[in-house]
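Student: Hello! I would like to take a close look at one part of this protein and see how it fits with the rest. Could you walk me through it slowly?

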Amino acid sequence: MFDWMLPKNHAISILRKDHDTVKELFEEFEEAESVGDAEKIIDRALTALKIHAVLEEEIFYPAVRAHVGSEVMNEADEEHHLAKILIAELDRGPDQDHRTAKFAVLAENVRHHIREEENEMLPKAKEMDIDFEALGQRMLDRKASLLKNGIPRDAEHAMVAKANGKSGNGATAKRKAATPRKAAKAATRKGSERKTGTHAMM
Ligand SMILES: [Fe+2]
């Protein structure tokens, strides 16, 4: 069984602490009692996830990739990619169709990703004979600089911005495209009902 009793500044301890923080935020979101509270939690979670992704992609993943193997690492990369698309869409602001659903899907994806990291990637990475505390220190330094100077825009933010508000999801787009026809039909039906007096009692 994997022993998680590691020093606080061990790179794996730092990642696990971040995981616990975002999982707690997801739970708080699910229990939020107002839109304002939910928005504050979304804001905190998006910042935490963006910083965490930078630390992993710039520092931790390259350090462990060769040992862990491309199958697990490529899957992690793709999970980050999908999460970052959702994050970029959520970063467009609070006034959005499907915002709660989008954040709920992000939370589910991230929970799955965390499970895979903690059950597969991190136990395998821990076998390595490297200075995990020095790696952890690099991660903490990078986190401090991101908090101070801001988080650089990633490719997924550029991709979503390029879509210029047309992104979101195909299902929503289809529903919106279908609505005018449905609305027109309903209007026609209402008109004929009025003529025949079916609404007279309402
Ligand atoms: Fe990750």
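Student: Which helices do the buried residues of helix 5 pack against?

Tutor: Happy to help! Keep in mind that this is a predicted model. The buried residues of helix 5 pack against helix 1 (11-31) and helix 2 (35-68).

Let's start with helix 5 itself. Helix 5 covers residues 132-149, which makes 18 residues, and at 1.5 Å a residue these should span 26 Å. The C-alpha atoms at its two ends are 25 Å apart, so expectation and model agree.

Now for its two sides. F132, L135, G136 and M139 are the buried residues of helix 5. Looking down the helix axis, you would find these buried residues within an arc of 100 degrees, so they line one face of the helix. On the face turned away from that buried side sit the exposed residues A134, D141, A144, S145, K148 and N149. After helix 5 comes G150, which has a positive phi, near 95 degrees.

Next, let's see where the nonpolar residues gather. The largest nonpolar core has 20 residues, and I42, A45, L49, I87, L90, L106 and V110 are those with the most contacts inside it. At least two residues of this core come from each of helix 1, helix 2, helix 3 (70-90) and helix 4 (99-126). Helix 2 gives the largest share, six residues. Apart from this core lies another one, of 16 residues, and M139 is among them, along with I14, V68 and A76. You have met M139 already, as one of the buried residues of helix 5.

L106 is a good residue to zoom in on. Leaving aside residues up to four places away in sequence, L106 touches A83, L86, I87 and L90.

Helix 2, one of the packing partners of helix 5, also holds A66. A66 has 10 other C-beta atoms within 10 Å; a residue with 12 or fewer counts as exposed, so A66 is exposed. A66 and A125 are 59 residues apart along the chain, yet their C-alpha atoms are separated by 9.5 Å.

Finally, let's step back to the whole protein. The secondary structure comes to seven helices and zero strands. Of the 202 residues, 23% count as buried. Among contacts between residues at least 6 apart in sequence, 76% join residues at least 24 apart.

Note on methods: Residues numbered from 1 in each chain as written. Predicted model: local features only at pLDDT ≥ 70, side-chain atom pairs only at ≥ 80, totals over all residues. Helix = DSSP H or I, 4+ residues; strand = E, 2+ residues; numbered from the N terminus. Expected span 1.5 Å × (residues − 1). Arc of directions from axis to C-beta. Contact = placed C-beta atoms within 7 Å. Core = buried A, V, L, I, M, F, W, Y, C linked by C-beta atoms within 7 Å.
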